[in-house]
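Here is a short structural report for a computational chemist. Please read it alongside the sequence and the coordinates.

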Amino acid sequence: MKKLFTNKPILITVIAVVLLLVIAFFSAGSRTIPWVENAVGTVLRPIQTFAFKASNSIAGFFGNLFNTTEADLENAKLRQDLAMYEQDKLDLEELRRENERLRGMLDYAGTFSDLEYMTAQVIGTSNGVWFDVLTINVGRNQGIETDMPVMCGNGLVGRVTDVGAGWCKVTAIIDSSVSVAATVERTRDNCMVRGVFSTSSSSGLELYYLPTDLTDLVPGDVIMTSGIGGIYPKGIRIGTVEEVMLDREGSSVNAIVAPSVDFLHLEEVMVITGFGGEN
Amino acid sequence: MRKWLFALVVLIAFYLDNVFFNVVNILGVRPDMTLIIVVCFGVLLGPGPAALTGLAMGLLADVLFNKIVGLSALVYMLSGMAGGIFYRKFFADNLIIPTATAMACFFIKEHFLLVMTRIFGGRPAYFMTLASYILPSLLLTGGVCILVNLFLRHNLFRPLWRKEAIKLEE
């Protein structure tokens, strides 16, 4: 033990390990980000945004390359002319898609006329497969607070868990630690939906706690937020039932739910700012 | 000049790990570039610089992208120290030591994160995760580690060692 305190490298390592574990413990829940973290995040936000968009563009380029049907570009001169035309077309297509996405978000938001929203762009996603966290480009300066719900044109995305000055982190509903109180749209049965851990990109949801004698859940049923718990407003789409199963005891129904949001291609989201937990 | 090259390598690894491979991967399978760089630095530069690089890269990734701040920093710092155990104990052209260390660190890191996921309420199925993600990523990390190690030795460390040798001769 005495050797431990006299060996400087070991002592520094032990202190660093303890400090990092303490930081990890305190940063695990919802919180307002401290100033050091805030400063780092704020300084690196433009680079982060650029890097994220660049990677999406590279992935999009290779995606287009493999999916192309225009295999008749043989002539070099024509190819050059076409390249310019293609670029214009891509720009237009990008604008059209953005327009469609934003219009979809606005249309969907219009169905919740009593809520206030703030649109934001996704500028980063969590590293690895273990947690599903998005970083978006609005924060405390724009009035964002922890636990605010986040949605997009297709449905519920998640809730804000960490807030910085001009950015925040959103824990997605597909994160395996998240549960959401839900309702089956057709039968009005209340249930819970939780994220299912998946190593592949197609993360899903699981519906549970639905008594067998009270439901006739079928594939294709739409699942929505129930508003119970006060975090998520009532009536936001979560997903669609894909497969219905009985649990081991046969007393309750579980179901695999496909999320209505495409988390892989999420670019813009809306943070619901004017929701005080009442429905 | 050499310092800038080291910084560039670290930045590229950080970008690949935290941005690029999140978008471009094979069904979630991806190499851990930060871990590879940190372990290679440990074997080639020593535990101190490697642990510091791992700590800095891990903390930055945690602050910018991850759910829990400190977890990646802890794992990468310890990986740097693990790589540093072999510093100047083997010939520098030994490829097995850094590759085996990186693979062992990756295996331990992913199990640590699996336990953390369970602590925070997740329910990953162990054998499914092991077969579909941990083992393929482990092999990919090992393969990429060999390439990165060769690149680092030829482009960054060989000129450094040459300088040291000239100094010693003088």
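The report goes from chain A as a whole to one of its strands, its domains and a loop, and then to chain B and the contact between chains.

**Chain A overall**

This is a predicted model. Chain A holds four helices and 13 strands. Of its 279 residues, 35% are buried. Contacts were also sorted by sequence separation. Among those in chain A between residues at least 6 apart in sequence, 60% join residues at least 24 apart.

**Strand β6 of chain A**

Strand β6(A) spans residues 168–172. Five of its five residues are buried, so the strand is largely enclosed by the rest of the structure. In a regular strand, side chains alternate between the two faces of the sheet. In β6(A), C168(A), V170(A) and A172(A) point one way. K169(A) and T171(A) point the other way. Both sets are buried, with the lysine K169(A) included.

Two strands pair with β6(A), as tabulated here.

| Partner strand | Sense | Bridges to β6(A) | Residue bridged to T171(A) |
|---|---|---|---|
| β3(A), residues 133–136 | antiparallel | four bridges | V133(A) |
| β5(A), residues 155–163 | antiparallel | five bridges | R159(A) |

T171(A) is thus a shared point in the pairing. It is the bridge partner of V133(A), and it is also the bridge partner of R159(A). The link between β5(A) and β6(A) is a hairpin, with four residues between the strands.

**Domains of chain A**

The domain assignment splits chain A in two. Domain 1 takes in 35–61, 75–173 and 267–272. Domain 2 covers 179–262. Their contact draws 15 residues from domain 1 and 16 residues from domain 2.

Which strands supply at least two residues each to the domain 1 side? They include β4(A), residues 149–152, and β5(A). The most comes from β5(A), with four residues. By class, the domain 1 side divides into ten nonpolar, two polar and three charged residues. The strand β5(A) therefore appears twice in this account: it pairs with β6(A), and it gives the most to the domain 1 side of the contact.**A loop residue in chain A**

S251(A) lies in the loop between β11(A), residues 237–246, and β12(A), residues 252–259. Is S251(A) buried or exposed? With 10 C-beta neighbours inside 10 Å, S251(A) counts as exposed. T212(A) is 39 residues away along the chain. The C-alpha atoms of S251(A) and T212(A) are nonetheless separated by 5.9 Å.

**Helix packing in chain B**

Two packed helices are described by the angle between their axes and the distance between the axes. In chain B, α1(B) spans residues 2–23 and α2(B) spans residues 33–45. Their axes come within 8 Å and cross at roughly 150°. The two helices are therefore roughly antiparallel to each other.

From α1(B), the contact uses V9(B), V10(B), A13(B), F14(B), L16(B) and D17(B). From α2(B), it uses M33(B), T34(B) and I37(B). By class, these are seven nonpolar, one polar and one charged residues.

**Contact between the chains**

The contact takes 36 residues from chain B and 37 residues from chain A. On the chain B side, α1, α3 (47–64), α4 (71–84), α5 (96–119) and α6 (126–169) each supply at least two residues. The largest share, seven residues, comes from α1(B). The chain B side divides into 23 nonpolar, ten polar and three charged residues. Helix α1(B) meets α2(B) within its own chain and also contributes to the side that touches chain A.

Notes: Residues are numbered from 1 along each chain as its sequence is written. Chains are lettered from A and ligands numbered from 1 in the order in which they are written. This is a predicted model: local features need pLDDT of at least 70, side-chain atom pairs count only at pLDDT 80 or more; totals for chains, interfaces and linings use all residues. A residue is buried if 20 or more other C-beta atoms lie within 10 Å of its own, exposed if 12 or fewer, and partly exposed in between; C-beta atoms are placed from the backbone. Two strands pair if DSSP finds at least two bridges between them. Axes are lines fitted to C-alpha atoms, for helices over the stretch in contact, and angles run from 0 to 180 degrees between N-to-C directions. Angles under 35 degrees count as roughly parallel, over 145 as roughly antiparallel, 65 to 115 as roughly perpendicular and the rest as oblique. Two residues are in contact if their C-beta atoms, placed from the backbone, lie within 7 Å. Ala, Val, Leu, Ile, Met, Phe, Trp, Tyr, Cys and Pro count as nonpolar, Asp, Glu, Lys and Arg as charged, and the others, Gly among them, as polar. Domain bounds come from an automatic or database domain assignment.
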